[in-house]
Amino acid sequence: MKHLRLKALALAGALVSGHALCADTLISERQIGVDAAIVVAQAALAACRAHGSIVTITILDRADRVVLSLRDNGASPHSVEHSLRKAHTALTYNMSSAEYGKGAAANPGSAGTLHLANITTAAGGLPIRAGSTLVGAIGISGTPGAKGGGGADEECAKVGLEKIAGGLK
């Protein structure tokens, strides 16, 4: 029995060390670039301005780094942080921030995640996908509730993302 355990340990060690030799040293991930982010932000800003909203737009890459942050003239100071939180939530959970918010409201036992940094339940954040691959996220904040609030922010984000849909295949 002792001999079998030693053989099993030796085999496990060989498998682990063999895996380490075959592991990727460098990896490459697809993510949204700054040129695409500018196109998205310009279209989203125009859509929000069309209904009279003054917003901030944040676009994150796959690694949660800010690619673009655009604050319209006169946008509320809190909209900068809120647009970041919306994008971060969409990126982290790979779903719209509105969808995450609905899930959190329906499951009060999951409230612990709301204490994580940069998480929000407000609408206005969307993941950006190339096919089924998550490549970034967009968050928009600033549309007043009387003009549709986060739901209107999300619609502006969709308009922006439509502008680069052909390149996300």
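The expected span of a helix is 1.5 Å times one less than its number of residues. Keep that rule in mind for the helix H3 view below; every view here is drawn from a predicted model.

**Figure 1. Helix H3, checked end to end.** Helix H3 covers residues 78–93, which makes 16 residues, and at 1.5 Å a residue these should span 22 Å. The C-alpha atoms at its two ends lie 23 Å apart, so the model agrees with the expectation. Follow the helix to its end and you meet Asn94 just after it, with a positive phi of about 55 degrees.

**Figure 2. The buried side of the story in H3.** Which residues of H3 are buried? They are Ser79, Ser83, Lys86, Ala87, His88, Thr89, Ala90 and Leu91. The partners against which the buried residues of H3 pack are strands S1, S3 and S4 together with helix H4 (97–106) and helix H5. Two of the buried H3 residues, Ala87 and Leu91, will turn up again in Figure 5.

**Figure 3. The whole chain, for orientation.** Five helices and four strands make up the secondary structure of the chain. Along the sequence they come in the order α-α-β-β-α-α-β-β-α. The chain has 169 residues, of which 37% count as buried. If you look at contacts between residues at least 6 apart in sequence, 66% of them join residues at least 24 apart. The accessible surface is about 9,500 Å², and carbon and sulfur atoms account for 60% of that surface.

**Figure 4. The largest nonpolar core.** This core holds 23 residues, and the members touching the most others are Ile57, Ile59, Ile128, Ile138 and Ile140. At least two residues each are supplied by helix H2 (34–50), strand S1 (56–61), strand S3 (125–130), strand S4 (133–141) and helix H5 (149–162). H2 gives the largest share, with seven residues.

**Figure 5. Around Ile138, and a second core.** Which residues does Ile138 contact, leaving aside its neighbours within four places in sequence? Its contacts are Val40, Ile57, Thr58, Ile59, Ala87, Gly124, Gly125, Leu126, Ile128, Ala157 and Leu161. A second core, separate from the one in Figure 4, has six residues, among them Ala87, Leu91, Leu134 and Ala137.

**Figure 6. Strand S4 and its two partners.** Eight of the nine residues of S4 are buried, leaving the strand mostly covered. S1 runs antiparallel to S4, and six bridges join the two. In that pairing, Ile57 has Ile140 of S4 as its bridge partner. S3 also pairs with S4 in the antiparallel sense, again over six bridges. Here Pro127 stands opposite Ala137 of S4. S3 and S4 form a hairpin with two residues between them, and Gly131 in the turn has a positive phi of about 65 degrees. As you trace the strands, recall that side chains in a regular strand alternate between the two faces of the sheet.

**Figure 7. A salt bridge between a loop and H2.** The chain has six salt bridges. One of them pairs Asp72 with Arg49, whose closest N and O atoms are 2.6 Å apart. Asp72 sits in the loop between strand S2 (66–71) and H3, while Arg49 belongs to helix H2, so the pair ties together parts 23 residues apart in sequence. Is each partner buried or exposed? Asp72 is buried, at 6% relative accessible area, whereas Arg49 counts as partly exposed at 46%.

**Figure 8. Arg65 with Asp61.** Arg65 forms a salt bridge with Asp61, and the closest N and O atoms of the two are 2.9 Å apart. Asp61 is buried, with a relative accessible area of 6%. Arg65 is partly exposed, at 47% relative accessibility.

**Figure 9. A charged network in H5.** Where do Glu155 and Lys158 lie? Both are in helix H5, three residues apart, which is about one turn of the helix. They form a salt bridge whose closest N and O atoms are 3.3 Å apart. Glu155 is partly exposed at 44% relative accessible area, and Lys158 is also partly exposed, at 34%. Glu154 joins these two residues in a network of salt bridges.

Note on methods:
Residues numbered from 1 in each chain as written. Predicted model: local features only at pLDDT ≥ 70, side-chain atom pairs only at ≥ 80, totals over all residues. Heavy atoms only, no water. Core = buried A, V, L, I, M, F, W, Y, C linked by side-chain atoms within 4.5 Å. Buried < 20%, exposed > 50% of the residue type's maximum accessible area, 1.4 Å probe, protein only. Contact = heavy atoms within 4.5 Å. Pairing = 2+ DSSP bridges. Areas by Shrake-Rupley, 256 points an atom, 1.4 Å probe, with all protein chains shown as cover. Salt bridge = Lys/Arg side-chain N within 4 Å of Asp/Glu carboxyl O.
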